[in-house]
Amino acid sequence: MPTSVMWFRTDLRLHDQPALRAAIEEGRDGVVPLLVLDDRYWGPGASTRQAYLVRLIGDFADRIGGLHLVHGDPVTEVLRVARQVDASSVHVSADFTPMGAERDRDVEAALADHDIPLVRTGSPYAVSPGRVAKDDGTGYRVFTPFFRAWQEHGWRQPADAPDDVPWLRPDGGTARLPQATVPEGMTLPPHGEDAARARWAEFLADDVADYASARDLPGPDRTSHMSVHLKWGTIHPRTMLADLAPLRSEGAAAYARELAFREFYADVLHQRPDSAFGYYNRAFEQMRYDEPGGDLEAWKAGRTGIPIVDAGMRQLRGEGWVHNRVRMIVASFLVKDLHLEWQHGARHFLDLLVDADLASNQHGWQWVAGSGTDASPYFRIFNPMTQGKKFDPDGQYVRRWVPELADVPARHVHTPWEMAEPPADYPAPIVDHAEERRESLRRYEEIRPGR
């Protein structure tokens with residue numbers, strides 16, 4: 001009797017899940033819904049994502065009547081389960097992260113020794129990394145030509161959810177999930193495939209038409225909040241692109257472009273796995289940076305005295321999420337006002353963001369730092385006060401997250417130190433932006449090519 005193993009990772013959904021359909025076709029007499037809890041991913045840090053994943057696993061297990069959960073090394077456990085049920089194949093959605101791809105190669109080799117193939121069907125992307133390339137076969141370094149090629153390449157239509165799955169649950173599983181505590185004061189977003197599809201439908205009905213003009217405004221926040229669902233694979237981008245295609249609005253086009261950015265960064269990381277934690281442009285390794293100290297802690301705590309920066313960092317602690325415009329502002333402040341290496345900020349984001357996607361997070365930070373592919377020029381330094389006044393003109397966002405400024409008039413909400421009597425319980429700015437901008441440019445001149 002042919003059986004198969006569907007090895008779930010961050011793709012806990014039934015709709016548009018081609019790997020599952022392949023597993024059903026191969027394992028007509030039973031499909032094991034396997035999830036391996038690898039203890040290497042449950043150490044210190046990343047507590048937000050761990051807490052969210054525990055809830056997500058529970059939701060999906062309830063939905064399908066139970067996952068086959070095991071603890072341990074995936075190489076050992078996947079092989080053990082596959083042999084236990086005499087599986088003819090193990091099915092996965094391809095993983096393109098550096099660690100995930102290495103893990104899958106190790107599992108594939110172990111299975112091959114027993115003539116069991118690891119079958120990769122689909123991926124978390126509409127166009128998998130490496131599929132879009134220049135005429136010489138190399139990957140793109142700049143988004144715009146990548147975007148054109150990505151559109152020309154195209155993608156398949158979403159796969160339907162299976163009507164019925166012959167789930168098979170062998171002995172030897174465990175119902176024990178790791179302990180994962182939500183960081184104090186944080187509220188996690190809704191989880192699971194149903195929540196993802198409901199949120200997407202709500203966004204399409206209410207906000208996508210105005211997305212192009214409203215996406216930069218953190219106060220009303222009419223963004224989709226779909227990044228967490230894309231991160232954990234509870235919805236596939238092909239599903240979203242299929243829903244956007246008939247709308248033909250400026251907002252829908254702008255949103256599709258953002259989905260392409262996610263795939264661009266995944267492609268860049270696929271080309272250069274070293275850029276996950278190192279500099280894409282290695283010239284920036286030579287720049288003079290300061291050692292982190294109290295300034296880094298003030299940034300993390302949202303106590304820099306710069307309202308829009310503090311609001312963003314407090315939102316991170318409160319929701320495990322930050323509005324994208326504000327992410328750029330707080331990142332620029334860390335790198336170019338505090339002169340700290342981008343990795344310090346990226347690591348903090350990875351620890352607290354519930355939607356922390358390695359490729360998007362790391363290369364978003366490198367874009368701001370000037371060291372990434374298609375990077376913002378180093379001399380483009382965000383003025384946080386100007387940014388605040390432009391994108392949060394009445395201070396709605398700042399007041400939501402910095403209650404010390406709740407009663408400050410709009411004209412001073414982004415510069416409270418200019419008031420005759422600034423709020424006593426809010427700190428003065430820890431740096432002078434104009435001076436730190438000049439210092440950043442001086443340091444850049446020291447490494448600038450051709451100087």
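# Asking why: a tour of a predicted model

Guide: Let's start with the sheet in this predicted model. Five strands make an open sheet, ordered β3-β2-β1-β4-β5, with parallel pairing.

Visitor: What makes β3 and β5 the edge strands?

Guide: Each of them, β3 and β5 (118–120), pairs on one side only. As for twist, neighbouring strands of this sheet are turned by 30 degrees against each other on average, ignoring direction.

Visitor: How do you know that β2 pairs with β3?

Guide: Pairing takes at least two bridges, and four bridges join β2 (residues 31–37) to β3, so the two count as paired. They run parallel, and Val 36 sits opposite Val 70 in β3.

Visitor: And what makes β1 and β2 a pair?

Guide: Here too the cut-off is at least two bridges. Strand β1 (residues 4–7) and β2 have four, in the parallel sense, so they count as a pair. In that pairing, Met 6 stands opposite Pro 33 of β2.

Visitor: Which helices lie against these strands?

Guide: α3 lies across β1, β2, β3 and β4, and runs at about 160 degrees to β2. Helix α4 (residues 98–112) packs on the sheet as well, touching β1, β4 and β5, and its direction makes about 140 degrees with that of β5.

Visitor: What would you call those two angles, given the cut-offs?

Guide: Anything over 145 counts as roughly antiparallel, so α3 is roughly antiparallel to β2 at about 160 degrees.  The α4 value, about 140 degrees to β5, falls in the remainder, so that one is oblique.

Visitor: Why say that both faces of β3 are covered?

Guide: In a regular strand the side chains alternate between the two faces of the sheet. On β3 (residues 68–71), His 68 and Val 70 are on one side and Leu 69 and His 71 on the other, and all of them are buried.

Visitor: Let's move to the helices. Why is α11 called roughly perpendicular to α12?

Guide: α11 (residues 294–301) and α12 (residues 307–319) pack at about 70 degrees, their axes 7 Å apart. The roughly perpendicular range is 65 to 115 degrees, so α11 and α12 earn that label. Trp 299, Lys 300 and Ala 301 of α11 make the contact with Val 309, Met 313, Arg 314 and Arg 317 of α12. By type, that is four nonpolar, no polar and three charged residues.

Visitor: Which residues of α11 are buried, and what covers them?

Guide: Leu 296, Ala 298, Trp 299 and Lys 300 are the buried ones. Their cover includes α12, α13 (324–337), α14 (342–352) and α15 (358–369). After α11 comes Gly 302, with a positive phi near 70 degrees.

Visitor: Which residues touch the most other members of the largest nonpolar core?

Guide: Leu 67, Tyr 255, Trp 299, Val 309 and Trp 365, out of 113 residues. Helix α10 (residues 250–271) gives the most to this core, with ten residues.

Visitor: Back to backbone angles. What makes Asp 86 stand out, and is it buried or exposed?

Guide: Asp 86 has a positive phi of about 55 degrees although it isn't a glycine. The residue sits in the loop between α3 (74–84) and β4 (89–92). Exposed means over 50%, and Asp 86 has 63% relative accessibility, so it counts as exposed.

Visitor: How do you know that Arg 248 is exposed?

Guide: The cut-off is over 50%, and Arg 248 reaches 77% relative accessibility, so it qualifies. Arg 248 lies in the loop between α9 (237–244) and α10, and its phi is positive too, near 50 degrees.

Notes
Residues are numbered from 1 along each chain as its sequence is written. This is a predicted model: local features need pLDDT of at least 70, side-chain atom pairs count only at pLDDT 80 or more; totals for chains, interfaces and linings use all residues. Side-chain values use heavy atoms; hydrogens and water are left out. Buried means under 20% relative accessible area, exposed over 50%, partly exposed in between (1.4 Å probe, protein chains only). Axes are lines fitted to C-alpha atoms, for helices over the stretch in contact, and angles run from 0 to 180 degrees between N-to-C directions. Angles under 35 degrees count as roughly parallel, over 145 as roughly antiparallel, 65 to 115 as roughly perpendicular and the rest as oblique. Contact means heavy atoms within 4.5 Å. Ala, Val, Leu, Ile, Met, Phe, Trp, Tyr, Cys and Pro count as nonpolar, Asp, Glu, Lys and Arg as charged, and the others, Gly among them, as polar. A nonpolar core is a set of buried Ala, Val, Leu, Ile, Met, Phe, Trp, Tyr and Cys residues joined through side-chain atoms within 4.5 Å.
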